[in-house]
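Student: I would like a close look at a single part of this model, with the cut-offs stated as we go. Please start from one residue and work outwards.

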Amino acid sequence: FISSRYGKSTFLGILTTIVLVFGIIPYISIQLKAIGFSFEIMTNTGSNQDFWDGSAFYRDKVNYFTILLAVFTILFGTRHLDPHERHEGLIAAIAFESLIKLISFLLVGVFVVFIAFDGLGDLFSRGWADPALSRVISLDNSSSGMTSWFWVLVLSAVAAMFLPRQFHVSVVENNNVSFVRQASWMFPLYLFLISIFVIPIALAGKILLPASSDPDMYILSLPLFYGHELLALFVYIGGFSAAASMVVISVISLSIMVSNNLMMPLLLRTRTAKINGFAVLSDRLLGIRRVIIVVILFLAYTFYKVVSNNFPLVSIGLISFAAILQLAPAVIGGLFWPRASKKGAIAGMTAGFIIWFITL
C-alpha cells in the first residue's frame with residue numbers, strides 16, 4: 001500500500017518490508033514463548049535449559065512447535081501463486097479459534113469472580129487490603145505512569161490497524177466491503193468482552209498464587225491451582241490456537257512481502273526471466289517463499305531463546321508495536337494529506353527505524 005501510494009516506489013516497498021521483518025520477529029517470538037510456557041505449565045515440566053547446551057536444544061518443545069508451524073504454514077499458505085489468492089479456509093479457522101479463545105477467557109473470568117471469590121465485591125475488597133494492589137485499583141499513579149499508559153494505547157491502536165496479520169486479514173483477505181461495516185462494531189465489542197475480566201484475573205493471581213508465578217500465565221495457573229484441569233485444558237487449547245494463528249498469518253504476510261518486494265525485483269533481472277519468460281519464475285518464487293517462511297520462523301525462535309525468554313510477553317510485544325508505529329505517518333498521511341511525498345515517507349520511516357533499532 002505504501003509503495004503504491006507514493007508513486008509505486010520500489011525502494012519504499014523494500015524499506016517497508018525491512019522494517020516489518022525486523023519489527024515482527026519479536027512479535028512472533030512471544031507467540032512461540034506463550035506456546036512453550038503454557039505447555040510447560042499444563043505438563044508441569046519446568047522451564048527450558050540453556051539454549052547453547054546442545055542436548056537441551058533438542059529437548060526444547062518450542063523447537064518442534066516451530067517446525068510444525070513452518071510445515072503448516074507452507075502447506076496451507078503457499079500452495080500456488082495468484083495475485084487474487086484468498087485463504088478462506090484459513091480465515092474461517094482463525095474466526096473459529098477467536099471464538100474458542102473468547103469463550104475460554106470468559107469462563108475463567110466467571111470462575112475466578114464467582115467461584116474462587118464471592119463476587120467482584122469480595123475480590124476487590126481483598127485487593128484493597130493489600131497496599132500494593134490498592135494503588136493499582138485506585139489508579140493512584142504518577143504523571144509519568146499516565147503518560148506511559150497513553151502511549152501504550154497509541155501503540156496498541158496503531159498495531160490493531162497496521163500489524164501485518166491485521167492488515168492482511170482486514171484488507172488482503174477481505175473480498176466484501178460490508179465486512180468492514182460489520183467489523184467496525186464487532187471488533188470493538190470483541191475487545192471489550194475479552195478485556196472485561198483482565199483486572200479481576202490479575203488481582204486474583206496476585207492474591208492467590210505464589211509470588212514466583214508468571215503473571216502472563218495467571219489465566220492457566222488459577223484453574224490448575226483449584227484443581228480444574230478440564231477448564232485449564234480448554235484455556236490452553238484456546239491460547240495455543242490463538243498463538244498459532246497469529247504466527248501463521250504473520251509469517252504468510254511477511255513471506256508475501258519479502259518475495260514480492262525483495263526477491264521479485266532481483267528475479268526479474270536474471271537471465272532465466274529474460275530468456276524463458278516470467279512463467280518459469282512462478283515455481284521458483286513459490287520455492288523461495290517457502291524458504292522465507294522457514295527462515296523467518298527460526299529467526300523468531302532464536303530471538304525467543306536469546307531475548308524473549310527473559311522478559312514478560314508484553315514488554316517484547318510493545319517493541320514490535322513501536323516498530324509498526326514508524327509506518328503510521330506514511331500510511332495515515334498518505335490517506336489524508338495530498339501533499340504527502342515519497343521523500344518525506346522515506347525520511348520519516350528511515351529515521352524512525354534507525355532510532356527504534358538502536359534504542360529497542
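Student: Leaving aside its neighbours within four places in sequence, which residues is I28 in contact with?

Tutor: A word on the basis first: this is a predicted model, in which local features need pLDDT of at least 70 and side-chain atom pairs count only at pLDDT 80 or more, while totals for chains, interfaces and linings use all residues. Residues are numbered from 1 along each chain as its sequence is written, and side-chain values use heavy atoms, with hydrogens and water left out.

With neighbours within four places in sequence set aside, I28 is in contact (heavy atoms within 4.5 Å) with V247, S250, V251, L254, I296, L297 and A300. I28 also belongs to the largest nonpolar core, a set of 92 residues in which I28 and I201 touch the most other members; the largest share of this core, 17 residues, comes from α13. Such a core is a set of buried Ala, Val, Leu, Ile, Met, Phe, Trp, Tyr and Cys residues joined through side-chain atoms within 4.5 Å, and buried itself means under 20% relative accessible area, against over 50% for exposed and the range in between for partly exposed (1.4 Å probe, protein chains only).

One of the partners of I28 is S250, which sits in helix α13, residues 229-267; helices here are DSSP runs of H or I with at least four residues, strands are runs of E with at least two, and both are numbered from the N terminus. S250 is classed as buried because its relative accessible area is 2%. Beyond residues up to four places away in sequence, S250 touches I24, Y27, I28 and R165.

Y27 in turn leads to F321, whose contacts outside its own neighbours within four places in sequence are Y27, L155, S156, A159 and L163. F321 lies in helix α16, residues 313-325, and counts as buried because its relative accessibility is 17%. Its C-alpha is 9.3 Å from that of A157, although the two residues are 164 apart in sequence. A comparable spacing joins V307 and S29, which are 278 residues apart along the chain with 9.0 Å between their C-alpha atoms. V307 is placed in the loop between α15 (279-306) and α16, and is partly exposed because its relative accessible area is 24%.

These sequence-distant pairs can be set beside the totals for the protein chain, where 79% of the contacts between residues at least 6 apart in sequence join residues at least 24 apart. The chain has 18 helices and zero strands, and buried residues make up 42% of its 360 residues.

Aromatic rings give a further view of the structure, and a search of the whole of it finds 15 aromatic pairs. Rings of Phe, Tyr and Trp (its six-membered ring) pair if their centres lie within 6.5 Å, with planes under 30 degrees apart counted as stacked, over 60 as edge-to-face and the rest as tilted. F150 and W151 form an edge-to-face pair, 5.1 Å centre to centre with 75° between the planes, whereas W356 and F357 form a tilted pair, at 6.5 Å and 55°. W356 is buried because its relative accessible area is 7%, and ring pairs link F22, F353, W356 and F357 into a cluster.
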